[in-house]
Structures are given as C-alpha cells and as structure tokens.
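I opened this entry to look up cysteines, charged pairs and surface charge, and I note below what I found for each.

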Amino acid sequence: MESFVLPFCEFSDIFAQYELPLSEKQYQNFGLYAKLLMEWNEKINLTAICDPEGITVKHMLDSVLALKYGGISNDSSCIDVGTGAGFPGIPIKIYNDTLNCTLLDSLNKRVKFLVEVSETLGLEMKCVHLRAEDGGKSTDMRENYDVSIARAVAALPVLCEYCMPFVRVGGKFVAMKGPNEDVKDAYAAIKILGGEVSDVVQYELPGSDKRQIIIIEKTKSTPAKYPRNSGQIAKKAL
C-alpha cells in the first residue's frame, strides 16, 4: 500500500529531533490520516502539499509542535478555529488523545472530511460547521475552552478577534504564524479582546522553514460586541 508519510524510522527520527517520542499506533494514525487527506484532496481542495516528506514535516510535525511550544496540558479542551483539512487539530489529537478537541470550519465539505477522519481513526472529536464569528457569539462555545488554536493566514489582529472569544478567562490562544508577522501589530487588538502576550516561540522545521508560535493569555472576558461580523472585521481590523 502506498504510504503518504515517510517510513516509520524516518518519521520517528524527525519527531525525536524535537524530543517528541512516537508510538507505532500514533504513526499508523498519521499515515491513515494522510491517506484520507490525499483521497479527499482529489475531490475538494484540502492541501497543496502532497509529497510524503512535506506531509510529514509541514503538516504533521508542525501541528504537533503546537503542543510542545504552546504548552497545551493533558485533558485541555481545545478548539481549532478555521481548521480546514484538520491542521493542527487532528495531529495534536492523534499525538495526545487526552485532549478534548473541537474542529471548527465554515465549509461543510471540509467538515464531512473531518468527520470521516474522526470516525475512521476512532478519535473522539467534535466537528462543527460554523463561521468563527458565529461560534464566538454562541452561548455554547463562547469562553468555553481552555485553548483556542489556529494555523491560519489571516493577520494576527484579525485572527485574535476570531479566536479569543472562544477562550475562557485563564485560558490561552495559541497562534501558529510565519516568521515575518510582528506581534506588536496585534497588541492593541489583544488588549481590547481581554488578553496579553505571554510568550513568542520561534523555531525551525527540518529544511530550515522558520515558524513562530504566539501565546496569548486570556486575562479578562472579551467584551460582548466582539467578534464583529466578517465584513466589519475585513473593513477595519482592531
């Protein structure tokens, strides 16, 4: 059977470079997830990264590094906002099954894919078809999570408005970003939304791709007016 990730010895060696031990069961689940990803990618656009090394490093490893550098504790309730093909939510659930994970996405086709992955791998995850700004206003979801996490291309002030309303006071938002984003650009938004930056972790993936993880602690409740609707957010970021 064709493998869509690197062989176990190479896969586990890459994870070991970051002090992330890997079991055979975890590896099998990563491989099965990658297989489903490639099958569905022929029907709907899920990822442009299709080679085994790219999937292993840029999707699986990079997602799991959010656990290491984001300081996400066992048994935390986590919501992956705008999860797309399930990154980072599914890999962090594969790696740490104690997490109570919710995957949120606005496109129903992607949510159907996420449900199939969850069921096939036997992972207990809640897959929700909803826009982030609607979820952030929902009484069932607002300030209901220990951790909100996103690996999205939106600028940090925009991402904060979408993600921070989900986080309970005392929890945190873990933003996975590229190397060129300046966290200072989001200070005003973070303060308005009830948070403060607690850490910025910069790291490199194999191949010297640079990344950073920005950790924002939720110190007080987000004002009820946020998040605004997507049109208002797009027109003028905080």
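I began with Glu-204, which I find partly exposed, its relative accessible area being 37%. Its salt-bridge partner is Lys-210, with the closest N and O atoms 3.3 Å apart, and Lys-210 is likewise listed as partly exposed, at 45%. I keep in mind throughout that this is a predicted model.

I then went through other charged pairs, the count of salt bridges coming to 13. In helix H2, Lys-35 and Glu-39 lie four residues apart, about one turn of the helix, and their side chains meet in a salt bridge at 2.6 Å, N to O. I noted Lys-35 as partly exposed at 22% relative accessible area and Glu-39 as partly exposed at 36%.

For Lys-177 and Glu-181 I found a salt bridge with 3.1 Å between the closest N and O atoms; here Lys-177 is buried, at 5% relative accessible area, whereas Glu-181 is partly exposed, at 23%. I also recorded a network of salt bridges that links Asp-62, Arg-151 and Arg-211.

Next I looked for unpaired charge on the surface, and noted a patch of negative charge where Glu-10, Asp-13, Asp-51 and Glu-53 gather. Of these, I located Asp-51 in the loop between helix H2 (24-41) and helix H3 (52-70), and it is partly exposed at 40% relative accessibility.

Last, I asked how many disulfides the structure holds, and the answer is zero. For Cys-163, which is buried at 1% relative accessible area, the closest cysteine sulfur is that of Cys-160, and at 7.5 Å it is too far for a bond. I noted Cys-50 as partly exposed, at 38% relative accessibility.

Technical notes
Residues numbered from 1 in each chain as written. Predicted model: local features only at pLDDT ≥ 70, side-chain atom pairs only at ≥ 80, totals over all residues. Heavy atoms only, no water. Disulfide = S-S within 2.5 Å. Buried < 20%, exposed > 50% of the residue type's maximum accessible area, 1.4 Å probe, protein only. Patch = residues over 30% accessible without salt bridge, like charges linked within 9 Å, V, L, I, M, F, W, Y side chains within 5 Å. Areas by Shrake-Rupley, 256 points an atom, 1.4 Å probe, with all protein chains shown as cover. Salt bridge = Lys/Arg side-chain N within 4 Å of Asp/Glu carboxyl O. Lys, Arg positive; Asp, Glu negative; His and termini not counted. Charge placed at Lys NZ, Arg CZ, Asp CG, Glu CD. Helix = DSSP H or I, 4+ residues; strand = E, 2+ residues; numbered from the N terminus.
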